[in-house]
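Student: I should like a close look at a single part of this protein, followed by an account of its surroundings. Please take one element and build outward from there.

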Amino acid sequence: MLSELKKPSGCRLRMGIARSPGRVSAVRRAIHISILAAAAVCSIGVCARPSFAAKAVTAQANLAQQAANAIAPGNSSATPAPITRYTLSPEKTRQAQALARTGRRLYFAEFFWGLLILWLALRTGWAAKIRDWATRAASNSLVQAAIFCPLLVLTLDLAAFPLHAWAHRVLRGYGLSVQGWGSWFLDWIKAEAITLIIATFAGWILFLLIRRNPRRWWIGAWVGAVLLIIVGVYIQPLIIEPLFYDFHPLSESHPQLVRDVEQTIARAGVSIPEDRILEMVASQKLNETNAYVSGIGNAKRVVFWDTLLARTNEPQALSVFGHELGHYALGHVWKGIILGAIGLAFALPLLAWLFNGTLHKWEKIWYVRPPQDWTSLAVLLLLISILQFFATPINNAASRYIEHQADVYGLEVTHGIVPNSQQIAAQTDQILGETNLEDPDPSPYVVFWFYTHPPIAERLDFALHYDPWSNGGTPEFIH
């Protein structure tokens, strides 16, 4: 999975349900806050139905047994039955669908709750009161930013904290998370600290841009946002990810897999140093399976979760690597950054127009002092949240296209290296879907709005039927 601006996930983001504050809140939210508080200069439970409590007990027992079976001696070498389509048992299907519904409800609840808190902060004068504290404390704009931005972000995040805690409770109930509350809260604090630091500097720069050029601030904001995204993607694997998970070279635990990986890399004609092929110890916090690519330049790396390696044999793990190698070889991280820059180039002028119009109409009611003061950043954040909400299906459509490209590349690069590579890829998709409780038949509307990857059933079906070699066709990427 591509992880430049979204969480690393073997399949897709579970709508609204944060898997780990470290994985989403620090990495994804920190980068997103940069874009939010920067608008361009300045990334992770609600509404769980009452019936979930009973289902969660069954789900937890099932997944616990699955985990025990997965690490049993000889499990990874067992020959599974041929896969013809993605299926779940009736009970698991109910669990997957219920979990997806909960995630969607959480997504909408968090969005509208965040808008309400921002509106209340403006309408009641709370944002203006924070501004007054900041301006009375110092005349230096950086010091003011260090007071106003963290207090505003903390207001929003503390208000949303019960929703994140509820989400973690749901994931623990379904057995997808094994992280204790103490560890989860520590990760939340780490993520919050990262977010506050980024929001302070991004908000400070944005404030200076707006004050100096109220009409064309978005141009400088665009430049700053793109730079922040690039820096964020670079430091994510070097600084942020190690704060939440332990990593070590894959060669230490799976030397044969590394040799197979090197053979696949040679066929692809790319270069990935062995010390950038890593295993992440996810099992201390999660039961889910995943692998991902992150970073750019000399920070780029391919990461296998230890939970994936425990539940797959080496051909299946190599199939997953083929997908990740596709992201690496096809330059998807940089393409994601470029697409983000293009999107901001269109969105920021619109945002600036909405910002000026909104302030003209509401600045007195929201206690914003002309020319724009620190309180205007809360107005800007409100508008950005709305724009991001409506941009969700566009971003996810682009993500699904990129992920499909990686699926094609993975099938092509492992063809002839992994015996019966199509069936192996299908087996792997089945394992990922079962372990991560992927809905076997999501609504097209749900896919349109929420899915960052094609549905697992579609990916599995594609793996079984993509065969350009049998009829003399030409593969798309590996010739």
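Where does α12 bend, and which proline follows within four residues?

Tutor: In this predicted model, α12 bends by about 45° at Ala391. The proline that follows within four residues is Pro393.

The helix itself comprises residues 375–414. Its 40 residues should span 58 Å at 1.5 Å a residue, and the end C-alpha atoms are 55 Å apart, which agrees. Of these 40 residues, 29 are buried, so α12 is largely enclosed by the rest of the structure.

One of the contacts of α12 is aromatic. The structure holds 24 aromatic pairs. In one of them, the ring centres of Tyr107 and Phe389 lie 6.0 Å apart with 20° between the planes, so this pair is stacked; the cut-off for stacking is under 30 degrees. Phe389 belongs to α12 and Tyr107 to helix α3 (residues 90–123), so the pair ties together parts that are 282 residues apart in sequence. Both partners are covered: Phe389 is buried at a relative accessible area of 10%, and Tyr107 counts as buried at 18%, the limit being under 20%.

A further pair is formed by Phe111 and Phe112, with 4.9 Å from centre to centre and 65° between the planes, an edge-to-face arrangement. Phe111 is likewise buried, with a relative accessible area of 14%. These rings belong to one aromatic cluster, formed by Tyr107, Phe108, Phe111, Phe112, Phe389, Phe390, Trp449 and Phe450.

Beyond the end of the helix, the backbone shows two positive phi values. Gly416, just after α12, takes a positive phi of about 90°. Asn420 has a positive phi of about 50° although it is not a glycine. The latter residue lies in the loop between α12 and α13 (421–436) and, at 55% relative accessibility, counts as exposed.

On the other side of α12, the loop between α11 and α12 contains Tyr367. Tyr367 is not a glycine, yet has a positive phi of about 65°. With a relative accessible area of 38%, this tyrosine is partly exposed.

Helix α11 (residues 332–362) invites the questions already put to α12. Its 31 residues should span 45 Å at 1.5 Å a residue, and 42 Å separates the end C-alpha atoms, which agrees. A kink of about 30° lies at Ala347, shortly before the proline Pro349. The buried residues of α11 include His332, Val333, Gly336 and Ile337, and further along Leu344, Leu348, Leu351 and Phe355.

A contact across the sequence involves Gly125, which is placed in the loop between α3 and α4 (126–137). The C-alpha atoms of Gly125 and Ile365 are separated by 8.8 Å, although the two residues are 240 residues apart along the chain. At 13% relative accessibility, Gly125 counts as buried.

The strands offer a second view of burial. Strand β4 (residues 301–305) is mostly covered, with five of its five residues buried. In a regular strand the side chains alternate between the two faces of the sheet. Arg301, Val303 and Trp305 point one way from β4, whereas Val302 and Phe304 point the other way, and all are buried. Strand β2 (residues 277–280) runs parallel to β4 and is joined to it by four bridges, with Glu279 standing opposite Phe304. Strand β3 (residues 291–294) pairs with β4 in the antiparallel sense, also over four bridges, and here Phe304 is the bridge partner of Ala291. Phe304 is thus matched with Glu279 on β2 and with Ala291 on β3. In the hairpin of β3 and β4, six residues lie between the strands, and Gly295 takes a positive phi near 85°.

Two lysines are placed over aromatic rings. The charged end of Lys190 sits over the ring of Phe244, 5.6 Å from its centre. Lys285 lies over the face of Tyr245, at 4.7 Å from the ring centre.

As for the setting of these parts, the secondary structure of the protein comes to 15 helices and four strands. Of its 479 residues, 57% count as buried. The accessible surface comes to about 19,600 Å², of which 63% belongs to carbon and sulfur atoms.

Terms used:
Residues are numbered from 1 along each chain as its sequence is written. This is a predicted model: local features need pLDDT of at least 70, side-chain atom pairs count only at pLDDT 80 or more; totals for chains, interfaces and linings use all residues. Side-chain values use heavy atoms; hydrogens and water are left out. Buried means under 20% relative accessible area, exposed over 50%, partly exposed in between (1.4 Å probe, protein chains only). Two strands pair if DSSP finds at least two bridges between them. Rings of Phe, Tyr and Trp (its six-membered ring) pair if their centres lie within 6.5 Å; planes under 30 degrees apart count as stacked, over 60 as edge-to-face and the rest as tilted. A charge sits over a ring if NZ of Lys or CZ of Arg is within 6 Å of the ring centre and within 35 degrees of the ring normal. The expected span of a helix is 1.5 Å times one less than its number of residues. The bend at a residue is the angle between axes fitted to the seven residues ending there and the seven starting there. Accessible areas come from the Shrake-Rupley method with a 1.4 Å probe; for residues, only the protein chains shown count as cover.
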